[in-house]
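New to this one? Take a look at the sequence and the structure first, and then we'll walk through what sits where.

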Amino acid sequence: MEMRNTTSDFILLGLFNHTTAHQVLFMMLLAIVLTSLFGNALMILLIHRDCRLHTPMYFLLSQLSLMDIMLVSTTVPKMAADYLTGNKAISPAGCGAQIFFLRTLGGGECFLLAAMAYDRYAAVCHPLRYPMLMSWQLCLRMTMLSWLLGAADGLLQAAASLSFPYCGAQEVDHFFCEAPVLVRLACADTSVFENAMYICCVLMLLVPLALIVCSYGLILAAVLHRRSTEARKKAFATCLSHVAVVGLFYGAAIFTYMRPKSHRSTNHDKVVSAFYTVFTPLLNPLIYSVRNSEVKGALKRWLGTCVNIKHLQNEAHRSR
């Protein structure tokens with residue numbers, strides 16, 4: 001086989017072709033991406049501006065929105081540029097950067113969701129001790145640890161993936177560089193790396209997932225023992241939002257990274273990757289805003305403030 005060194009560009013074959021149906025799908029995808037960016041940016045803005053949302057839970061939610069914005073920004077602009085210009089080449093440095101950011105954000109989100117589950121456990125099961133169990137210091141430490149563990153995983157996977165020699169045309173049948181897809185092109189034995197990557201993914205997915213399941217199991221037991229129907233409904237509403245986000249994210253991640261090689265399909269990989277890099281970031285702000293009265297209240301107050309400012313500006317302009 002023809003051998004190429006790691007300085008040759010890779011070719012991303014992309015998600016769409018230029019048929020009419022795929023052009024419509026491409027436009028729909030761009031609309032979803034813009035809505036996702038707007039929704040997550042709005043969530044960060046509301047949490048930053050409204051003092052009622054200055055709590056550990058909403059700080060963690062703002063970090064989730066930040067990760068989602070960065071996740072979308074890592075993959076979609078390059079995919080869109082490739083589709084519109086026809087230039088599908090990506091340098092090894094660009095490919096490594098995509099792997100690094102994807103794994104940093106994906107791994108970081110795993111641990112961040114576990115921190116959010118612990119926050120809900122402390123709030124629901126131990127409301128009187130919540131300020132001590134979920135202090136701002138602990139919240140910031142868990143957030144920093146989520147970013148650092150994700151970054152360590154991303155750095156290792158990016159460096160290891162680019163250390164192999166690659167063969168032939170170096171065509172990556174995907175719309176972004178992803179380590180499991182990239183190493184299939186390597187002209188060397190990658191079994192040790194693939195096994196290590198599989199073990200790493202299992203640990204980074206299943207350990208936080210076990211903590212999440214344990215937290216929500218304890219929350220469910222505590223809620224069922226409450227006599228107040230109103231308190232029970234409020235706890236269920238908050239926790240159902242978190243469980244929905246966890247289910248969407250972990251379902252896609254487990255399907256992508258924990259399937260045996262014999263069950264892998266390129267088309268399935270593309271669809272699932274599009275789901276967790278594009279659709280999940282859109283659903284997160286929708287789930288948290290629609291089912292959360294505090295976020296809806298913050299949005300109404302912010303819109304009211306904007307209307308009042310506009311009204312005052314118009315009055316000042318008329319008085320001149």
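Let's start with Leu64 in this predicted model. Setting aside residues up to four places away in sequence, Leu64 touches Glu109, Leu112, Leu113, Met116, Val245, Asn284 and Tyr288. Leu64 also shows up in the largest nonpolar core, which has 83 residues. Together with Leu61, Leu113, Met116, Ile212 and Tyr250, Leu64 is among the members that touch the most others. And which helix gives this core its largest share? That's H3, residues 92-125, with 14 residues.

**A closer look at H3**

H3 is 34 residues long, and its first and last C-alpha atoms are 49 Å apart. That's close to the 50 Å expected at 1.5 Å a residue. The helix is mostly covered, too, with 25 of its 34 residues buried.

Not every residue of H3 is hidden, though. Ala97 sits in this helix, and its relative accessible area of 32% makes Ala97 partly exposed; the label fits because partly exposed covers what falls between the 20% and 50% cut-offs. If you want a feel for distances, try Ala97 and Leu112: they are 15 residues apart in sequence and 22 Å apart in space, C-alpha to C-alpha.

**The chain as a whole**

Time to zoom out. The protein chain has ten helices and five strands, and its C-alpha trace spans about 70 × 60 × 35 Å along the principal axes. How much of the chain counts as buried? Of its 320 residues, 44% do. The chain exposes about 16200 Å², and carbon and sulfur atoms supply 69% of that area.

Contacts tell you something about how the chain folds back on itself. Among contacts with a separation of 6 or more, 78% are between residues 24 or more positions apart. For a small example of who touches whom, try Thr143 in helix H5, residues 136-161. Leaving aside its neighbours within four places in sequence, Thr143 is in contact with Phe59, Leu60 and Gln63. Is Thr143 buried or exposed? Thr143 is buried, with a relative accessible area of 4%.

**Helix H1**

H1 runs over residues 20-49. At 1.5 Å a residue, its 30 residues should span 44 Å, and the end C-alpha atoms are 43 Å apart, so the two values agree. Several residues of H1 are buried, including Phe26, Leu29, Ile32, Val33 and Ser36. Further along H1, the buried ones include Gly39, Asn40, Leu42, Met43, Leu46 and Ile47. It helps to know that an α-helix has 3.6 residues a turn, so residues three or four places apart point the same way.

**Charged pairs**

Now for the salt bridges. Side chains of opposite charge can pair when their charged atoms come close. How many salt bridges does the structure hold? There are six. Here are three of them, with the distance between N and O atoms:

| Salt bridge | N to O distance |
|---|---|
| Arg301 and Asp50 | 2.9 Å |
| Asp82 and Lys78 | 2.9 Å |
| Asp119 and Arg120 | 2.9 Å |

Start with Arg301 and Asp50, which form a salt bridge. Arg301 lies in helix H10, residues 293-319, and Asp50 in the loop between H1 and helix H2, so the pair ties together parts that are 251 residues apart in sequence. Arg301 is partly exposed at 33% relative accessibility, whereas Asp50 is buried, with a relative accessible area of 10%. Arg52 joins in as well: Asp50, Arg52 and Arg301 are linked in a network of salt bridges.

The pair of Asp82 and Lys78 stays within one helix: both lie in H2, four residues apart, which is about one turn. Asp82 counts as buried at 7% relative accessibility, while Lys78 is partly exposed at 23%.

As for Asp119 and Arg120, both partners are under cover. Asp119 is buried with a relative accessible area of 1%, and Arg120 counts as buried at 10%.

**Nonpolar, but on the outside**

One last stop, on the surface. Tyr198, Ile199, Leu203, Val207 and Leu211 form a nonpolar patch there, and together they have about 480 Å² of accessible area. If you want to find the patch, look for Leu211 in helix H7, residues 191-224.

Key: Residues numbered from 1 in each chain as written. Predicted model: local features only at pLDDT ≥ 70, side-chain atom pairs only at ≥ 80, totals over all residues. Heavy atoms only, no water. Patch = residues over 30% accessible without salt bridge, like charges linked within 9 Å, V, L, I, M, F, W, Y side chains within 5 Å. Areas by Shrake-Rupley, 256 points an atom, 1.4 Å probe, with all protein chains shown as cover. Salt bridge = Lys/Arg side-chain N within 4 Å of Asp/Glu carboxyl O. Helix = DSSP H or I, 4+ residues; strand = E, 2+ residues; numbered from the N terminus. Core = buried A, V, L, I, M, F, W, Y, C linked by side-chain atoms within 4.5 Å. Buried < 20%, exposed > 50% of the residue type's maximum accessible area, 1.4 Å probe, protein only. Contact = heavy atoms within 4.5 Å. Expected span 1.5 Å × (residues − 1).
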